[in-house]
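Visitor: I have a model open and I'd like to learn how to read it. Could you walk me through it, beginning with the ligand?

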Amino acid sequence: MNEVAITAQNLRKTYRRGSEEICAVNDISLDIEKGEYVSFIGPSGSGKTTLINILGCLDNPSSGKLSVARKTVFGNGKPLSEKELTVIRRELFGYIFQKFYLIPTLTVLENVLLPRTFYKKPSANENVSELLNMLGIEKRKHHLPGQLSGGEMQRVAVARALINKPEILLADEPTGNLDSARSQEIGKLLNELNQKESLTVILVTHNPELAKTADRIIELRDGKIFS
Amino acid sequence: MISLYKVSYKNLLRKKTRSILTIIGIALSAWVLASLMGFNQGYEAALNRDIDNMGFQVTLMAKGCPYEAATLMLKGGTGLRYLKQSVADSVLSEEEVEKITPMLMQAVFDPNKGESGGMSAYLGVDPATFPSMKTFLEFKQGKWFTDSKAFEAVMGYEAAELEQREVGDKLLIPEKDIELTVVGVLKRTGTQDDGTIFLPISAVQKIFGKEGEITSVGIKVKKEANIAKFEERLYNIPDVQVVSLAQVKQTIMNLVSTAKVMVFSIAVIAILIAMVGVINTILMSVFERFQEIGILKSIGAMPADIFKLIWMETLILCFFGGVTGSAMAFGLSKLTEVLIRKLLPYAPTGSLVQLDAKLVITTLIAVLIIGLVSGIYPAWRAASVRPLESIRSEAN
Ligand SMILES: Nc1ncnc2c1ncn2[C@@H]1O[C@H](COP(=O)(O)OP(=O)(O)O)[C@@H](O)[C@H]1O
Ligand SMILES: [Mg+2]
């Protein structure tokens with residue numbers, strides 16, 4: 001079970017801010033195995049978001065190579081178009097963010113099913129109630145997001161990320177808007193998904209407690225891997 | 001599964017007031033558009049109907065003869081010129097002619113009329129042809145003459161009012177000492193017929209000693225006939241003048257075309273305003289939802305999907321606006337008529353705005369095209385949102 005999910009080599013991402021050049025991700029190389037649960041920690045501005053956006057094919061790196069599921073995504077020197085990135089993303093990734101970004105006019109169930117409006121992966125799970133049950137939001141499925149608590153909303157966002165059965169789940173500060181009890185619940189959930197569904201999970205957090213639920217903790221400082 | 005359509009209409013429900021205002025804007029311009037198109041096809045039809053109602057499109061009379069009762073009155077009943085009755089027969093043989101009716105106009109000064117006396121106009125008509133050509137003349141009382149040679153009179157609405165006559169009353173022709181029996185009183189028509197006293201033509205010829213003479217011939221032309229060509233030939237008959245309603249119609253249509261240009265400019269402005277309204281509404285909703293759109297892209301939406309989603313929103317707005325506007329056009333057609341009548345130099349009687357299903361469909365299609373065009377820019381803006389923009393804005 002040593003198959004590689006993501007391989008990054010010498011990734012760099014630089015931003016221009018006036019005359020200054022900021023290196024948000026500075027020469028990072030790493031491998032993430034299939035079924036692994038990795039968390040990135042580090043102070044604010046250390047480049048966590050920039051890095052996982054590149055790993056998650058939401059953004060092009062300035063240089064370096066990236067392959068996901070043994071396919072080269074970046075590294076032919078040519079940045080990918082928005083369309084090409086979308087094709088890769090919807091096949092492989094599910095995302096959750098600090099804000100839940102649920103569509104307020106759609107019910108829980110509709111929000112969860114929304115990705116399938118655009119794309120339905122053939123291998124995706126038909127049984128939506130099973131997924132909602134697992135996440136403990138089955139009995140809320142006809143409610144609107146506004147009627148839910150923060151923890152429930154994040155669970156809906158998780159369900160939405162999982163509906164097309166991704167191989168890799170990316171979570172950028174998923175508990176940033178939740179209290180510590182809810183945060184622990186989400187941590188437990190990510191752990192369960194990793195264990196039971198053998199989902200590859202990449203978590204970004206600055207909550208050390210949450211980071212500890214992962215198999216491996218990678219600390220970033222100034223765009224570099226610190227430990 | 002949830003459809004793109006459901007996502008977009010539910011989004012429009014989010015800002016109900018804004019959506020409703022936009023729909024009202026579109027509805028108003030659809031109303032203007034439908035009414036104008038209805039007017040465009042209704043006006044000419046109404047005008048033709050009016051002209052048809054006059055019974056004859058061409059009137060033939062002796063050169064120099066006053067052809068309006070009013071002119072005749074002003075001239076004190078003099079100046080009448082006569083045609084031979086045989087002219088009528090020769091006209092009837094022309095192939096374009098459907099029907100003709102000979103008429104003999106006479107006017108007499110009546111010292112007992114009104115305060116200081118006035119002219120009475122008598123029109124001798126052919127009982128066999130005149131009523132069937134002027135089918136729109138309706139009786140308030142009584143009916144046409146019992147006999148084609150009877151000394152009987154049918155009075156126009158105002159004539160009867162002025163002389164205070166009813167069916168069965170006697171009517172004296174001044175100077176001639178002849179008594180007529182009133183057999184009918186017409187309803188008001190709004191034309192010079194109202195002031196006229198109709199008699200059988202043979203009676204007028206006998207009373208005034210004008211046997212074999214007439215003052216005019218009313219001609220009804222066949223529907224498919226070329227009126228212009230026919231008139232050309234009539235002009236060649238010596239000592240005859242031709243009064244054609246086709247010419248009158250042309251003049252009116254020319255006047256109306258000016259009004260039409262004005263009215264269509266109003267429509268164009270209304271449509272432009274509605275378009276700006278739609279673009280503004282959709283663009284605002286796109287800007288408000290930048291993050292949401294970014295998230296839709298991160299969960300697998302292609303730029304084309306987002307484009308469709310936003311385009312759908314404009315289409316939904318325009319569809320409901322178009323339907324409302326068409327319904328308004330039907331429901332408020334009376335009001336539209338009143339407004340349009342105010343703008344027109346000459347408005348025929350009857351309904352000017354003619355609405356039908358075909359027109360409603362045309363309006364809907366036009367409004368949907370407006371929606372498609374207005375939606376392009378906002379939809380393109382939304383489609384080019386990058387998922388990163390939305391995620392970035394929460395990063396710090
Ligand atoms: N779009 C951008 N333009 C310019 N600078 C950026 C941009 N995104 C990130 N940065 C900079 O890159 C660095 C890393 O940011 P980020 O990846 O968001 O860090 P973290 O997620 O660890 O807080 C920061 O200094 C940030 O200001
Ligand atoms: Mg961050």
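Guide: Happy to, and keep in mind that this is a predicted model. A good habit is to begin with polar contacts. Here, a polar side-chain atom of A:Thr49 sits 2.6 Å from an oxygen atom of ligand 1. The protein buries 79% of the 560 Å² that ligand 1 exposes when taken alone.

Visitor: Which other polar atoms lie by an oxygen atom of ligand 1?

Guide: A:Lys48 brings a polar side-chain atom to 2.9 Å from an oxygen atom of ligand 1. With A:Ser46 it's a polar backbone atom, 3.3 Å from a ligand oxygen.

Visitor: How do I read the rest of the shell, and which residues come nearest?

Guide: List the neighbours, then sort them by class. There are 12 residues around ligand 1, and A:Arg17, A:Gly45, A:Lys48, A:Thr49 and A:Thr50 come nearest. By class, the shell has 6 polar, 3 charged and 3 nonpolar residues. As for its place in the assembly, ligand 1 lies between chains A and B.

Visitor: Which element gives the most to that shell?

Guide: That's H1(A), with 3 residues. Helix H1 (48–55) and strand E1 (4–17) of chain A each supply at least two.

Visitor: And what sheet does E1 belong to?

Guide: For a sheet, read the strand order and then the pairing sense. This one is open, with 4 strands of chain A in the order E2-E1-E4-E5 and antiparallel pairing. Strand E2 (20–33) and strand E5 (71–74) of chain A have a single partner strand each, so one side of each has no neighbour in the sheet. On average, neighbouring strands here are turned by 25° against each other, direction ignored.

Visitor: How many bridges join E1(A) to E2(A)?

Guide: 11, with the two strands running antiparallel. To see the register, find A:Thr7, which stands opposite A:Asp31 in E2(A). H1(A) packs on this sheet, touching E1, E2, E4 and E5 of chain A, and its direction makes about 130° with that of E1(A).

Visitor: What about the sheet that holds E3?

Guide: It's an open sheet of 6 strands in chain A, ordered E6-E7-E8-E3-E9-E10, and the pairing is mixed. Its edges are strand E6 (93–96) and strand E10 (224–225) of chain A, each pairing on one side only. Helix H2 (residues 82–92) of chain A packs on the sheet, touching E6 and E7, at about 85° to E6(A).

Visitor: Where does helix H5 of chain A lie?

Guide: Helix H5 (residues 150–162) lies across E6 and E7 of chain A, running at about 165° to E6(A).

Terms used. Residues are numbered from 1 along each chain as its sequence is written. Chains are lettered from A and ligands numbered from 1 in the order in which they are written. This is a predicted model: local features need pLDDT of at least 70, side-chain atom pairs count only at pLDDT 80 or more; totals for chains, interfaces and linings use all residues. Side-chain values use heavy atoms; hydrogens and water are left out. A residue is near a molecule or strand if one of its heavy atoms lies within 4 Å of it. A polar contact is a pair of N or O atoms within 3.5 Å; within protein, one must be able to donate a hydrogen and the other to accept it, and residues adjacent in sequence count only if both atoms are side-chain atoms. Accessible areas come from the Shrake-Rupley method with a 1.4 Å probe; for residues, only the protein chains shown count as cover. Ala, Val, Leu, Ile, Met, Phe, Trp, Tyr, Cys and Pro count as nonpolar, Asp, Glu, Lys and Arg as charged, and the others, Gly among them, as polar. Two strands pair if DSSP finds at least two bridges between them. Contact means heavy atoms within 4.5 Å. Axes are lines fitted to C-alpha atoms, for helices over the stretch in contact, and angles run from 0 to 180 degrees between N-to-C directions.
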